[in-house]
Amino acid sequence: MCGRYVSTRRPQDLVQLFHVTDWRAEETLAPNWNVAPTDDVWAVLESAPRDSDDAGQTGRELRPVRWGLVPSWARDVKIGARMINARVETVHEKAAFRRAFLKRRCLLPADGFYEWQQAKDPATGKARKQPYFIHPESDQVMALAGLYEYWRDPEIRQDDDPAAWLMTCTIITTEATDAAGRVHPRMPLALTPDHYDTWLDPRHQAPDELRSMLDQPAGGHLDARPVSTAVNNVRNYGPQLLAEVTE
């Protein structure tokens with residue numbers, strides 16, 4: 001799974017990098033070196049109408065969405081904490097994800113992600129989990145493959161009230177290889193720039209074609225370094241979390 005990641009790029013930079021045409025300057029997110037489930041994160045998407053299967057005219061947007069997908073049929077938002085990842089092997093089949101996979105795909109910009117490996121504490125001899133920061137060797141931005149969904153809050157009566165609708169997302173994962181595979185068996189998937197247009201366009205709905213575009217972040221050219229266990233606490237979110245430590 002991918003349970004934490006790093007997202008520190010300015011929205012102005014993301015707008016240029018992903019050729020966004022619609023971003024509201026009043027929507028801002030602070031840089032975060034320890035993005036956790038249920039946090040708001042940046043998503044690049046081309047939105048279709050909420051209640052329609054007709055993609056119509058879309059523009060490329062940069063939007064803050066909540067990490068942890070809440071299906072439209074969910075009774076409450078708590079289910080989202082368990083749906084931070086969608087397995088690429090079954091994403092087109094699972095009830096929670098299959099509709100979003102066809103119509104509501106997004107890119108989630110990231111600097112890198114964290115995974116944990118079982119290790120022995122040299123001081124106590126006890127088992128503990130050692131976090132690693134995994135990132136592209138080139139330090140380029142990763143465009144993680146994601147899905148987004150709308151959830152209607154039944155406690156708010158008016159459909160046109162912005163508070164009535166919640167946008168949430170999930171990250172698609174696969175079996176890990178290379179540097180990531182030495183740390184954890186799963187890793188997020190990403191897209192290369194030549195596939196952004198097709199992935200984001202809700203008019204493209206062929207599952208096999210969509211899945212064939214997904215790739216390892218940075219083409220598998222990843223570096224993994226051990227970092228402080230301070231990352232285990234979601235209240236810690238500063239750049240010091242990326243400093244390498246001695247295992």
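**Exercise 1. State how many salt bridges a search of the whole structure finds, and work out which residues form a network of them.**

Step 1. The search gives 11 salt bridges, where a salt bridge is a side-chain nitrogen of Lys or Arg within 4 Å of a carboxyl oxygen of Asp or Glu. The model is a predicted one, in which local features need pLDDT of at least 70 and side-chain atom pairs count only at pLDDT 80 or more, while totals for chains, interfaces and linings use all residues. Residues are numbered from 1 along each chain as its sequence is written, and side-chain values use heavy atoms, with hydrogens and water left out.

Step 2. Start from Arg 60. Its side chain meets that of Glu 46 in a salt bridge, at 3.0 Å from N to O. Arg 60 lies in strand 4 (residues 60-67) and Glu 46 in strand 3, 14 residues apart; helices (H or I, at least four residues) and strands (E, at least two) are DSSP runs, numbered from the N terminus.

Step 3. Arg 60 also forms a salt bridge with Asp 197, at 2.7 Å from N to O. This pair joins strand 4 to helix 4 across 137 residues.

Step 4. Glu 46, Arg 60 and Asp 197 are therefore the linked residues of a salt-bridge network. Arg 60 has a relative accessible area of 8%, so it is buried (under 20% relative accessible area; exposed is over 50%, partly exposed in between; 1.4 Å probe, protein chains only). Glu 46 is buried too.

**Exercise 2. Determine what the salt bridge between Arg 104 and Glu 149 ties together.**

Step 1. The two side chains meet at 2.9 Å, N to O.

Step 2. Arg 104 lies in the loop between helix 2 and strand 6 (105-110), and Glu 149 lies in strand 9, so the pair ties together parts 45 residues apart in sequence.

Step 3. Arg 104 counts as buried at 3% relative accessibility. Glu 149, at 4% relative accessible area, is buried as well.

**Exercise 3. Describe the largest nonpolar core and the elements that supply it.**

Step 1. This core has 34 residues. A nonpolar core is a set of buried Ala, Val, Leu, Ile, Met, Phe, Trp, Tyr and Cys residues joined through side-chain atoms within 4.5 Å. Those with the most contacts inside it are Phe 18, Leu 107, Leu 147, Ile 172 and Trp 199.

Step 2. Elements that each supply at least two residues include helix 1 (11-17), strand 3 (40-46) and helix 4 (196-200). Strand 9 gives the largest share, 4 residues.

Step 3. A second, separate core has 32 residues, among them Val 35, Leu 45, Cys 169 and Val 183.
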